[in-house]
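Hi there,

Here is the structure I promised to pass on. Have a look at it first, and then read on for what turned up when I went through it.

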Amino acid sequence: GVEHAQIFVRVFAAGWAQRGVSDRDAAVLNRPVPRVQAGADAGFLWELRERASWSPYFGGGAGLHFLRFEGALAQASPGVDPSAPTNQVLAALVLRGGVRLLRLYNFDLDLYAQGALPFYRTKDPDSELVDAYTPTLHLGVGVGF
């Protein structure tokens, strides 16, 4: 970073450790459920306090996010396995805000909230996710060097 301006890059992965969707889950939900989310984001941040030991900040950028859904589809097209996973890759606008602490050392502690708004709807002709936006909100702790 330079003075108030910072560049950020974030790589993330999250998921459900349970393998597959149980019959009970599929019966209750009767729709696919998210199992994996991964991606990378990059952007610019503006810190409000340039030389203080802590500083709130805000900013934005862009990212690519991978989403995997598993579960039985209520209405699958002929010849399509209704329990096949659905994968989506989404480009997203990223908005981020937080506070950086311990800035007097060679590292800092970062507490943040980050939202991602996709540029387009998730679409799959063989899925019930047609025309659905999939925004996300991440709360996190990071370390900067």
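Val36 has Arg68 standing opposite, in strand 3. That pair belongs to the stretch where strand 2 and strand 3 (residues 55–70) run antiparallel, held by 14 bridges. Please keep in mind throughout that this is a predicted model.

The same kind of pairing carries on to either side. Strand 1 is joined to strand 2 (residues 33–47) by 11 bridges, again antiparallel, and within it Ala13 has Ala38 of strand 2 as its bridge partner. On the other side, strand 3 and strand 4 (residues 86–101) are antiparallel and share 15 bridges; there, Leu67 faces Gln88 of strand 4.

Put together, the strands form an open sheet of 6, in the order 1-2-3-4-5-6 with antiparallel pairing. Strand 1 (5–15) and strand 6 (136–144) are at the edges with a single partner strand each, so one side of each has no neighbour in the sheet. On average, neighbouring strands are turned by 25° against each other, direction ignored. As you follow the sheet on screen, it may help to recall that side chains in a regular strand alternate between the two faces of the sheet.

For the overall make-up, the protein has 1 helix and 6 strands, and from the N terminus the elements read β-α-β-β-β-β-β. Of its 145 residues, 37% are buried. Counting contacts between residues at least 6 apart in sequence, 64% join residues at least 24 apart. About 8900 Å² of the protein is exposed, with carbon and sulfur atoms supplying 61% of that.

Now for the charged residues, which I think you will enjoy. The whole structure holds 6 salt bridges. One of them brings together the side chains of Glu47 and Arg100, at 1.8 Å from N to O. Glu47 is in strand 2 and Arg100 in strand 4, so this pair ties together parts 53 residues apart in sequence. Both residues are buried, with relative accessibility at 0% for Glu47 and 14% for Arg100.

Glu47 also meets Arg103 in a salt bridge, at 2.7 Å from N to O. Arg103 sits in the loop between strand 4 and strand 5 while Glu47 is in strand 2, so here the parts tied together are 56 residues apart in sequence. Arg103 is buried too, at 17% relative accessible area.

Arg100, for its part, has a salt bridge with Asp108 (2.3 Å, N to O), and Asp108 is buried at 7% relative accessibility. Through these shared partners, Glu47, Arg100, Arg103 and Asp108 are joined into one network.

What makes up the largest nonpolar core? It consists of 5 residues: Phe8, Leu45, Tyr57, Val94 and Tyr112. Val94 has contacts beyond its neighbours within four places in sequence, among them Phe8, Asp41, Gly59, Gln114 and Gly115.

One last residue to click on is Pro118, found in strand 5 (residues 108–118). Is Pro118 buried or exposed? Its relative accessibility is 13%, so Pro118 counts as buried. Leaving aside neighbours within four places in sequence, Pro118 is in contact with Leu90, Ala91, Ala92, Tyr133, Thr134 and Pro135. Pro118 and Leu64 are 54 residues apart in sequence, with 9.1 Å between their C-alpha atoms.

Best wishes

Definitions and conventions. Residues numbered from 1 in each chain as written. Predicted model: local features only at pLDDT ≥ 70, side-chain atom pairs only at ≥ 80, totals over all residues. Heavy atoms only, no water. Pairing = 2+ DSSP bridges. Helix = DSSP H or I, 4+ residues; strand = E, 2+ residues; numbered from the N terminus. Axes fitted to C-alpha atoms, helices over the stretch in contact; angles between N-to-C directions. Buried < 20%, exposed > 50% of the residue type's maximum accessible area, 1.4 Å probe, protein only. Contact = heavy atoms within 4.5 Å. Areas by Shrake-Rupley, 256 points an atom, 1.4 Å probe, with all protein chains shown as cover. Core = buried A, V, L, I, M, F, W, Y, C linked by side-chain atoms within 4.5 Å. Salt bridge = Lys/Arg side-chain N within 4 Å of Asp/Glu carboxyl O.
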